[in-house]
Structure formats: structure tokens, C-alpha cells
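Visitor: Could you walk me through this one? I'd like to talk about strands, packing and one polar residue.

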Amino acid sequence: MGWFLGYGFGVYGWNQTWSGNVSQDVGKPGLFADMAASLERAGFDYMMLEDSSVVPDVYGGSMEYSLRNGVVRFDPVPLVPLLASRTSKIGIIATVATTFYPPFLAARLFSTLDHVTHGRVGINLVTASPHAAAQNYGLEQHVEHDLRYRMAAEWMQLVGELWNSWDDDALVMDEAAGVFVDHEKVRPVHFAGEFHRSRGPLNTLPGPQRRPVVCQAGGSPAGRELAAAHADTVVSAVVGVEAMKEYREDMSRRAVAHGRRPEDIKILYLVDPVLGDTDRQARDRKERRDRAAAANLEGALAGMSYVSGMDFSKFDPDEPLPDMSRSNGHQSTVADYQKAGSGGRTLREVATGRRVVESMELVGSAETVASRMQEAMEYAGGDGFLIGSAPTRRTISEIADGLAPVLRRRGLIRDGYPHDTFRQNLLSF
């Protein structure tokens with residue numbers, strides 16, 4: 001089990017019921033630190049902190065919608081040690097855009113965080129998609145989709161070589177001989193690729209994991225290939241159990257082609273459970289939420305604009321979905337929108353009807369939802385689920401103290417952490 005945290009800490013869900021004292025949460029770690037402790041108690045494997053480097057301005061050609069609705073993000077990396085200080089076992093994954101982070105900077109930073117967290121940090125690889133994000137880093141426009149994944153593969157190769165530039169026994173700390181590190185066991189990498197160059201070695205000691213856990217949301221063929229080659233855990237947003245099964249099988253084939261064991265890549269499917277004391281109560285909550293989403297056409301169109309790079313404010317919402325095939329955005333998400341628009345469905349129907357987060361609908365009591373999760377995983381394969389719900393205090397409690405105990409009684413999630421590092425625990429269950 002994992003939890004996907006979008007936007008910035010203290011901002012996501014700021015205007016929702018049970019969001020707490022917003023003025024005390026914005027830019028503060030308290031809510032997420034409390035959440036980390038709750039999820040560790042519940043037996044979660046990790047928290048994944050999403051990131052982006054842009055105030056979205058595609059919709060309407062303006063930042064107005066984004067800023068009015070709190071679509072801002074704090075850098076997640078400084079939050080990592082703060083969450084680690086409140087916990088002792090749960091993994092903490094922070095997002096890095098490979099297109100913008102120099103490989104040496106990322107390798108050194110996450111090696112340092114591995115020490116600070118006592119071996120519990122992970123790195124989530126994204127290539128980013130908005131042109132405005134690329135412009136924040138000096139580019140005129142963003143790199144074409146498949147090319148930026150080629151760049152990311154080389155980036156990860158270099159980062160891996162930097163993490164391995166020290167031998168396991170390089171640290172000597174021989175006080176009598178006056179030797180801290182055996183210099184013959186630390187090597188430059190002299191990496192010269194198509195996109196990246198670095199002399200190396202790292203000037204930090206290898207962390208407890210040496211190689212922090214690598215996470216990737218592989219959706220497009222290029223994304224799946226990057227994940228199969230390098231990721232330890234993969235986030236999938238495919239919709240429906242048949243698509244979940246296909247994804248697991250495809251990723252297993254790709255892993256084998258890269259000389260890896262399929263079981264060494266933990267695949268988690270994004271879900272957004274709606275829980276209630278009874279199935280009827282949960283269904284009522286879901287119906288209210290669906291009505292609110294259908295009424296918020298602007299929000300849905302703004303979201304589509306962000307992931308596709310197309311300004312959907314320009315189109316009549318009651319006309320058929322426009323062609324999105326030339327989008328340079330999130331390819332798997334765009335493909336899902338295109339599929340949803342087949343048969344002449346209107347932009348309004350697609351925008352307000354597609355479940356952007358959920359791989360499957362989970363609505364009901366904790367027992368009902370746990371049964372559906374179990375049945376889906378037994379059929380589709382994979383390893384677990386990544387909660388994509390807004391982290392209000394109510395939602396956190398419902399999942400950690402309501403759903404998780406039911407899953408644990410069924411033997412579906414861990415009841416403890418037998419190892420010291422994130423990687424060991426992730427691979428052991």
C-alpha cells in the first residue's frame with residue numbers, strides 16, 4: 001500500500017470538508033507528518049510526494065484558475081527528513097524531473113537523504129510535460145515526449161553509476177592508520193552519453209540502501225520501458241481490471257527483456273476509495289461527489305488542459321471531443337481521454353465522466369472495499385494499491401484506521417516491517 005500526495009503540503013484539499021485549519025497547514029509539515037505516522041501504523045509501504053515546476057496556465061491562457069483554486073506546489077524534497085523524523089519504517093518517495101535536475105545533483109541529494117532517513121528514501125522519476133515548466137529552466141519549449149524518455153533512461157544510467165562509484169568497503173575509518181576512506185575503492189565514472197556527462201565520483205558516502213528505491217509512473221510505451229529497466233515500484237492509472245491485468249503482464253515481459261525478475265518491480269494501481277459505515281452510506285457520498293464533479297466543468301477542463309497541453313476553454317463543451325493526437329503531454333492519460341471520446345461523446349461528457357485517478361471504483365463499507373481490492377488483485381496481478389484521495393484528516397483516518405485493519409485481517413497487507421531499509425521491506429512482502 002502507498003499514498004500518492006499531489007500538490008504541495010498543506011495545500012491539497014484546502015477547501016474541502018475536514019481539511020482542518022488551513023491557515024496553519026499551508027506550507028507547514030504538520031498534516032503530512034501526522035499522516036506519515038498514521039500510515040506507518042497502518043502498515044503502508046510508502047508515501048509518494050508528487051511535484052511540478054509550473055503554475056498551470058494552459059487553460060484560458062492564464063494562471064487565474066490555478067491560483068484561484070490553490071494549484072501551487074512546495075518542493076517535496078525538504079519534507080522528506082521531516083516525515084522521516086516522525087516515523088521509523090515507512091518509505092518516503094520524492095519526485096524529481098529528470099529533464100531539469102542535473103544527474104550529479106540528484107544522485108548526491110538522494111544519497112544524502114538516504115543517510116538522513118536511515119535508508120528510507122525513494123526517488124520518483126518524471127520527465128514533466130508543460131512547456132511552461134521547461135521555460136522555467138531556460139528552454140524555449142519542452143522536449144518531445146519520447147525523446148525526453150530517452151534522455152531519462154540515460155539520466156538514470158548515469159545516476160546509477162554515480163551511486164556505485166564507491167565500493168561497499170571503501171569506508172575504513174582506521175584511526176590508528178589515519179585513513180578515513182580507501183582511495184583505491186572510489187572511482188570516477190567518466191560518463192559521456194548523448195545527453196549527459198559527468199566525471200564523478202560522488203563525494204558522499206554510499207547510503208544504507210546505496211541505491212534509493214526508484215519509482216516511476218510508466219503509462220506510455222516509453223514510460224513503461226523506462227520503468228521496466230530501472231524502477232523498483234511502478235504507479236499505474238489504467239482503468240479496469242482487464243487493463244490492470246494487461247499492464248502487469250506487459251510489465252513482466254518488459255522486465256524479463258531487461259534481465260530482471262518481474263517480482264522485483266512492485267506495481268501499485270491508483271485508487272480513490274469512498275468509504276462509509278454501510279454500502280448505502282458510501283454510495284450516497286459517491287453520488288454527492290459525482291454531482292459536484294459534474295457541476296465543476298471548469299475544473300475538469302483545466303485538468304485536461306494541464307495534462308494535454310491543449311487549451312480546452314477554446315472548445316464548445318457540447319461538441320464531440322477534439323482531436324488530441326498531437327499532444328506532447330501525458331501520453332497514456334491523453335490516450336484514455338481519446339478512448340473515452342470515441343463514438344462521438346462530447347467534451348463535457350468526457351471531461352466530467354472520466355475517472356482520472358481511479359483504476360477501479362471502490363465504494364462501500366471497509367469490508368466491501370477490501371473484498372473488491374482482493375478480488376481485483378487476484379485476477380489482475382500486481383502488488384497493491386496507491387491511494388490517490390485528498391489527504392484530509394478524515395480521509396487519512398478512514399483509510400488508516402478503517403480500511404487497513406480489514407485488509408490486514410485478510411492477510412493482504414503487512415502487519416510489521418521486518419527489515420531496516422525501505423528497499424528490503426518493499427521487496428519482502
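Guide: A word on terms before we start: contact here means heavy atoms within 4.5 Å. Please also keep in mind that this is a predicted model.

Visitor: Okay, so what is Phe 44 in contact with, leaving aside its neighbours within four places in sequence?

Guide: With those neighbours set aside, Phe 44 touches Met 1, Gly 2 and Trp 3, and its contacts also include Leu 39, Ile 90, Ile 387, Ile 399 and Tyr 417. Phe 44 is also one of the residues with the most contacts inside the largest nonpolar core, which has 77 residues, and Trp 3 and Phe 385 are listed there as well.

Visitor: Which other core is there, apart from that one?

Guide: Another core, of 26 residues, lies apart from it, and Leu 297, Met 304, Val 307 and Met 324 are among its members.

Visitor: Switching to strands, which way do E1 and E14 run?

Guide: Strand E1 (residues 2-5) and strand E14 (residues 384-387) run parallel and are joined by two bridges, with Gly 2 having Leu 386 as its bridge partner in E14. E14 also pairs with strand E11 (residues 266-271), again in the parallel sense, over four bridges, and there Val 271 is partnered with Ile 387.

Visitor: And Asn 425, buried or exposed?

Guide: Asn 425, which lies in helix H16 (residues 422-428), has a relative accessible area of 3%, so it counts as buried, the cut-off being under 20%.

Visitor: What lies 2.9 Å from a polar atom of its side chain?

Guide: That is the backbone nitrogen of His 419. Beyond the neighbours within four places in sequence, the contacts of Asn 425 include Asp 45, Lys 89, Arg 414 and Tyr 417.

Notes. Residues numbered from 1 in each chain as written. Predicted model: local features only at pLDDT ≥ 70, side-chain atom pairs only at ≥ 80, totals over all residues. Heavy atoms only, no water. Pairing = 2+ DSSP bridges. Core = buried A, V, L, I, M, F, W, Y, C linked by side-chain atoms within 4.5 Å. Buried < 20%, exposed > 50% of the residue type's maximum accessible area, 1.4 Å probe, protein only. Polar contact = N/O pair within 3.5 Å; in protein donor to acceptor, adjacent residues only side chain to side chain.
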